[in-house]
Amino acid sequence: MSLTLVQLPLDQMLAELLPRVEGEPDAHLIDRLFDSVPSHQQGDDLYQPLLEVINDSGILGDYVLIAATSIARKSRPERTKVVGGMYAKDFRGAAINKRFDGSSVELSIECESYPTSDDPFDDHDLTRRPSWNRRKDNLRRFMNHPALVFECQQRTHYYSIIIIGSYARIVRWDRSGAIFSPKFDYERDPAKLGLFLWRFSHSSASVRGHDPTACHVLPGSEHRALMVQWAAHQLPPAADHAREMFAESLVDDWPWYKLTVGDPVTGTPREFLVGRPIFAAPGVVGRGTRGYVALDITNPEYVFVFLKDCWRVLQPGSEQEGSILVYLNEKGVEHIPTALIHGDVEGQRTLSEGICPAPVHERGQQCEFKTKAHYRLAVKEVGLPLKRFRTGKELVRVFLHCLMAHEDAYKKAKVMHRDISVGNIIMVPKIFDGGMVYEGLLTDWELSKRLDQRGLVPGHPHRMGTWQFMSVKAINDPGMHIELADELESMFHAMLWCAVRYLPHNCPNVGEFMNSYFDVAETLAHKVYWCNWAKESAMECGGVNIIGRVPLVFLRERPSRDGTRGRGLSAQQSETTGRLPHLHIG
């Protein structure tokens, strides 16, 4: 997702986003704050003298700045950098481990060694977009720590500071974008940085960006003990997978929370206990969807449910996913989740788009910020990911159930899903005839639309769906309405994705096929995207080829390296072989 930035004068940022706190010092009392910081130092060498001066000044109240090592990327653990973080004084994890702690940090400071010409927030870039390659790379790196904080903590927004030489900027992130201050010389005008740090550290938790409807479950608390107890409480076979998933989410180095979901109909909220999400969308800007296996402590029976936490886009004609599910449940649509409670979190909307001026650059292009509301939805069913299917027959059965759900929604409720993908299909264990079977559920109805509303209200302005599974027509014509044929084609692409990824077949290079068929896009001037040749030719010719004109064929067993048929799979993958008849697509 593209990132849109907007600059706001520091005085306005403080006045509107970080209001004055009682007891605030006069500017002249901190106008010599950084005199002892060596002006020639920058990058990692600047952390110790800078943070020491700030900590010794006493302006942080109950907080302290700690310089710690941070791994830049999981895929390249050898690349590390130092980053400053503000933590509560009674939290010593970062000081002891010397690691940036995304679950406890309040604010981050990054001292960079590159020249100001590589500043990712260039004051002279009227488009408010980082266009130069080095600046774009610097921005991506600078976003790593806010992204980690948004994943670990329950946040509405987050502040970070970037320092390049003697210049500093303050940046406020939320799910719509980033607001940044003009760069200022903190050595010549120390009161600006000093006043921000004082005001931030003395502000309430909600002003600093914490969600007041999320309560941290601390070690030794009653709720903590309850979570551990129910994680060990074995359930009947068809339900015990939910307990196992909940137990796996209770990791010590991840914060546990009690989340409150309000009910706009009854006015009675419900409370859920959660650990680490089983799914978390990466990055800062976007819906920020996180999925939890949650313990419903409002229910006297203490049942496990699935809780979805996201930031939904607000625009004319859009409905809450929970409202759609309630409607589909009432219409008798089968093989979909059962809505329990849902609602927007009161008072929590992104602010970036409200700050953005109407035209953000001289060509008159309108602000690209999208207003988002914090939203939670709890459903009854806790499902397994689709990749856990055991046989080809089981895979087909799961997709059959999802086709039935789609047909029910289309015929009984006049609703189109519009985002068929592997990630939106789950499996729910059931006991049938003494054995374990799996029911397929079609989930994630947030982008769906009622058929009688199409054309009456504006839809989403960009391509609708998940790229890998979109129909050829939907890819090549982004403004079109999604039709029934597009949805059925998406079902085929999703099932093909699973089959090629996990079942035995004659394709010699799975990675190359998956990339060419599902991921690659044809481009024009790096701006216009349309469907790749592999998917388009498959739809035109009615067959999927792997090399030249060699058709894709699914086998009973995976060919071994010596050319004979044998399994040669992992324990889970081996269960997917041996029961599927020869299947020639085309």
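C310 is buried, at a relative accessible area of 2%, and C402 is buried as well, at 0%. Buried here means under 20% relative accessible area, exposed means over 50%, and partly exposed lies in between (1.4 Å probe, protein chains only). The count of disulfides is zero, a disulfide being a pair of cysteine sulfur atoms within 2.5 Å.

This is a predicted model, in which local features need pLDDT of at least 70 and side-chain atom pairs count only at pLDDT 80 or more, while totals for chains, interfaces and linings use all residues. Residues are numbered from 1 along each chain as its sequence is written, and side-chain values use heavy atoms, with hydrogens and water left out.

**Chain overview**

The protein chain has 586 residues, of which 51% count as buried. It contains 16 helices and 27 strands; these are DSSP runs numbered from the N terminus, with helices (H or I) of at least four residues and strands (E) of at least two. Among contacts with a separation of 6 or more, 67% join residues 24 or more positions apart, where contact means heavy atoms within 4.5 Å. The chain exposes about 27,500 Å², and carbon and sulfur atoms supply 51% of that area; the areas come from the Shrake-Rupley method with a 1.4 Å probe, and for residues only the protein chains shown count as cover.

**Positive phi outside glycine**

Y302 and H335 are listed with their phi values, loops and accessibility.

| Residue | Phi | Loop between | Relative accessibility |
|---|---|---|---|
| Y302 | near 55° | β13 (290–296) and β14 | 27%, partly exposed |
| H335 | near 60° | α9 (321–330) and β15 (339–349) | 12%, buried |

**Cavities**

The structure holds seven cavities of 30 Å³ or more. A cavity is a set of points, on a 1 Å grid over the protein atoms alone, where a 1.4 Å probe fits but cannot get out; lining residues have an atom within 4 Å of a point. Grid points are joined across faces, edges and corners, and a volume is the space filled by probe spheres set on the points.

The largest cavity encloses about 110 Å³. Its lining is made up of 12 residues, with R287, R312, V313, E319 and E446 nearest the centre. Strand β14 (residues 303–313) gives the largest share of this lining, three residues. By class, the lining has four nonpolar, three polar and five charged residues. Ala, Val, Leu, Ile, Met, Phe, Trp, Tyr, Cys and Pro count as nonpolar, Asp, Glu, Lys and Arg as charged, and the others, Gly among them, as polar.

Conventions:
1 Å grid on protein atoms, 1.4 Å probe; cavity = no way out; pocket = protein on both sides within 12 Å on 5 of 7 lines; lining within 4 Å.
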